[in-house]
Amino acid sequence: MHILLLYTLYFILAYLSLTLTLFVLSPILPALSFPARCLSAYLSLVICAIYGVLISLALRLASNHRLAQHLTARSFAFTMRYTTGVTFNIISGEHHLTNSRPCVIVGNHQSELDVLLLARIFPPYCSVTAKSSLKRVPFLGWFMALSGTVFIDRANRQSARQAFSGAAAEMLTHRQSVFIFPEGTRSYARGPDLGTFKKGAFHLAVQAQVDVVPVVCANYWGLLGAREWRFRSGEIPVRVLEPVSTKGLAVEDVEGLTTKVRERMLDALRDIGETEAGRRVAGKGV
């Protein structure tokens with residue numbers, strides 16, 4: 001046990017030393033800022049996931065575990081501000097995230113950095129949906145399971161439907177909002193564009209008869225480009241759009257609802273891309 005702790009300490013010291021060295025050298029060799037910030041981001045994620053496990057356990061004892069994801073998200077946003085220099089700034093509509101509770105919040109999905117987007121926008125009494133394989137990831141998976149994440153088995157349609165049915169009941173009983181990326185996967189888009197939307201989020205909103213609240217994050221390819229080994233600090237603008245009501249809608253209306261929300265989000269995404277802040281993070285200059 002003593003040897004294990006010693007090797008763990010050596011690993012942590014080596015990890016921190018390498019990260020700091022890369023940051024120190026990055027002004028001379030800018031490409032080194034990519035691994036430096038990646039290492040900082042992973043360390044921040046692990047630290048906040050451990051914190052999330054502990055606070056989820058504590059809040060479960062107080063029968064208030066539905067606050068765990070909000071509190072952990074805020075800690076991650078705070079940590080990443082100082083370890084990577086990246087922040088997401090909500091420039092309009094933030095009140096919709098809490099005034100519409102419960103609701104289904106949907107956002108565009110660009111890269112792994114969207115975990116930080118969640119950390120910034122996540123309101124109290126909200127949970128995420130995630131692929132079921134994440135349950136097996138140490139610390140992060142434990143935190144997600146303890147804090148009420150809705151896990152979806154994408155390969156099993158029946159299991160996915162049952163998970164969404166359970167989520168709808170949870171939303172109505174506990175006034176719990178849910179966040180979903182309707183594109184289903186990261187786009188790594190180099191410009192203001194959206195992938196095809198899956199209908200799961202909109203089926204859930206119609207089933208629960210709650211509003212859909214679209215969240216649009218500016219394209220930030222200019223800050224993060226994995227193939228180009230680019231990871232820079234910066235402030236990424238985000239807009240929360242007006243809620244879209246599902247009152248009175250039925251299953252046959254889901255396709256129209258999906259199209260309507262996607263078109264609104266695409267218009268907003270292109271609009272943000274023309275602002276000074278949007279052009280800066282997209283790498284277009286100002």
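This report describes the overall form of the protein and the salt bridges found within it.

The structure is a predicted model, in which local features need pLDDT of at least 70 and side-chain atom pairs count only at pLDDT 80 or more, while totals for chains, interfaces and linings use all residues. Residues are numbered from 1 along each chain as its sequence is written, and side-chain values use heavy atoms, with hydrogens and water left out.

**Overall form**

The protein contains 10 helices and nine strands; these are DSSP runs numbered from the N terminus, helices (H or I) having at least four residues and strands (E) at least two. The radius of gyration is 20 Å, which agrees with the value near 19 Å for a compact globule of 286 residues. That radius is taken over C-alpha atoms, and the globule rule is 2.2 Å times the number of residues to the power 0.38. Along the principal axes, the C-alpha atoms fill a box of roughly 60 × 50 × 35 Å.

Of the 286 residues, 48% are buried (under 20% relative accessible area, with exposed meaning over 50% and partly exposed in between; 1.4 Å probe, protein chains only). Among contacts (heavy atoms within 4.5 Å) with a separation of 6 or more, 75% join residues 24 or more positions apart. The protein exposes about 14500 Å², and carbon and sulfur atoms supply 60% of this area.

**Charges and salt bridges**

The mean positions of the 30 positive and 19 negative charges lie 7 Å apart; Lys and Arg count as positive and Asp and Glu as negative, without His and the chain ends. Side chains of opposite charge can pair when their charged atoms come close. The whole structure holds five salt bridges, each a side-chain nitrogen of Lys or Arg within 4 Å of a carboxyl oxygen of Asp or Glu. The table includes three of these pairs.

| Salt bridge | N to O distance |
|---|---|
| Arginine 120 and glutamate 94 | 3.2 Å |
| Arginine 190 and glutamate 228 | 2.8 Å |
| Arginine 239 and aspartate 271 | 2.5 Å |

Arginine 239 in strand E9 (residues 234-240) and aspartate 271 in helix H9 (residues 254-273) are 32 residues apart, and their pair links distant parts of the chain. Arginine 239 counts as buried at 19% relative accessibility, whereas aspartate 271 is partly exposed at 39%.

Arginine 120 is partly exposed, with a relative accessible area of 22%. Its partner, glutamate 94, is also partly exposed, at 34%. Glutamate 228, which pairs with arginine 190, is partly exposed as well, with a relative accessible area of 30%.

Note on methods: Areas by Shrake-Rupley, 256 points an atom, 1.4 Å probe, with all protein chains shown as cover. Charge placed at Lys NZ, Arg CZ, Asp CG, Glu CD.
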